Amino acid sequence: MGPKSERVYRTIREWISTGKFLPGSKLPSERTLSEELDIGRTALRQVLAKLVNERVIEVHGRSSYRLPDRSVNIQAPTDLEPWQIHGERTLYDNRWVKLSLVDVEPPGVERFEHHVVRLHHVAIAAVLDDQDRVLMLWRYRFVPESFGWELPGGIVDEGEEPAEAALREVEEETGWRPDSLEHVVTYQPMVGMVDSPHEIFVGRGAQHIGNPTDIEESGHVAWVPLADIPGLMERGELMGSGTLVALLNVLASRTTVPPPTTSA
């Protein structure tokens, strides 16, 4: 941005930080901002696009901008009791999976034994390039007996940090080394019966270092346009909850700035 755009950028940020515009409030129209700040509409849109990308403001409609409303606070109930756990016995255990019966007692309910499957800690990565494409694998999974697209990822080894595992898995399965990865969410895919924490990472940029080294886990490697993801999802060609959670996070965080309109 040029000097005038930088001035306008700092001015709008100052307005927001000093409370001139409150959370959830709508910014003045582009025409009003353009006149008040003495800047052309095209340059103003560049400033607004930067503020959107920084999540300082949000786009609403074709050319309307608002401040995020971060004042909403959902209070968790404080009068609910957790289940009591009286013990656990193992039915089956090996290096991949552990099946247990847990003696539980929900509040107001007679105690009973509940099956719990304990699996490994998993890290999954969505790596994007500068063309808004995501690094994916086309693979066959014998359990559902189908092919589909997946993000690279795998088990976090003992003593390994999840971020290190995500970087390692991307490199081993695709032959690409991410420039960096950022943790975005941890979730449980089947929280009612399966214990398997999934760590989701997102990054932009990667360097090709060679062929995949994990032949068993590798498949057809491709950079898939993000614009194609909704269609793949609709056709059921995205496999695994980690892939879906990561890509939904990426799509939700993308903000499309409206194209310039021709003023009268």
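This passage walks through the cores, a helix pair and some paired strands of a predicted model. Residues are numbered from 1 along each chain as its sequence is written. Because the model is predicted, local features need pLDDT of at least 70 and side-chain atom pairs count only at pLDDT 80 or more, while totals for chains, interfaces and linings use all residues; side-chain values use heavy atoms, without hydrogens or water.

A good place to start is the inside. The largest nonpolar core (buried Ala, Val, Leu, Ile, Met, Phe, Trp, Tyr and Cys residues joined through side-chain atoms within 4.5 Å; buried means under 20% relative accessible area with a 1.4 Å probe, protein chains only) has 20 residues, of which Val134, Met136, Leu151 and Ile229 touch the most other members. Strand 6 (122–128; strands are DSSP runs of E, at least two residues, and helices are runs of H or I, at least four, numbered from the N terminus) gives the most to this core, with four residues. Apart from this core lies another, of 19 residues, including Tyr9 and Leu27.

Next come two helices. Helix 2 (residues 30–37) and helix 3 (residues 41–53) pack at about 105°, their axes 10 Å apart (axes are lines fitted to C-alpha atoms over the stretch in contact, and angles run from 0 to 180 degrees between N-to-C directions). Helix 2 is therefore roughly perpendicular to helix 3 (65 to 115 degrees).

Finally, the strands. Strand 3 (residues 84–93) and strand 4 (residues 98–105) pair antiparallel over eight bridges (pairing needs at least two DSSP bridges), and they form a hairpin with four residues between them. Seven bridges join strand 4 to strand 5 (residues 112–118), also antiparallel.

Key. Buried < 20%, exposed > 50% of the residue type's maximum accessible area, 1.4 Å probe, protein only. Parallel < 35°, antiparallel > 145°, perpendicular 65-115°, else oblique.
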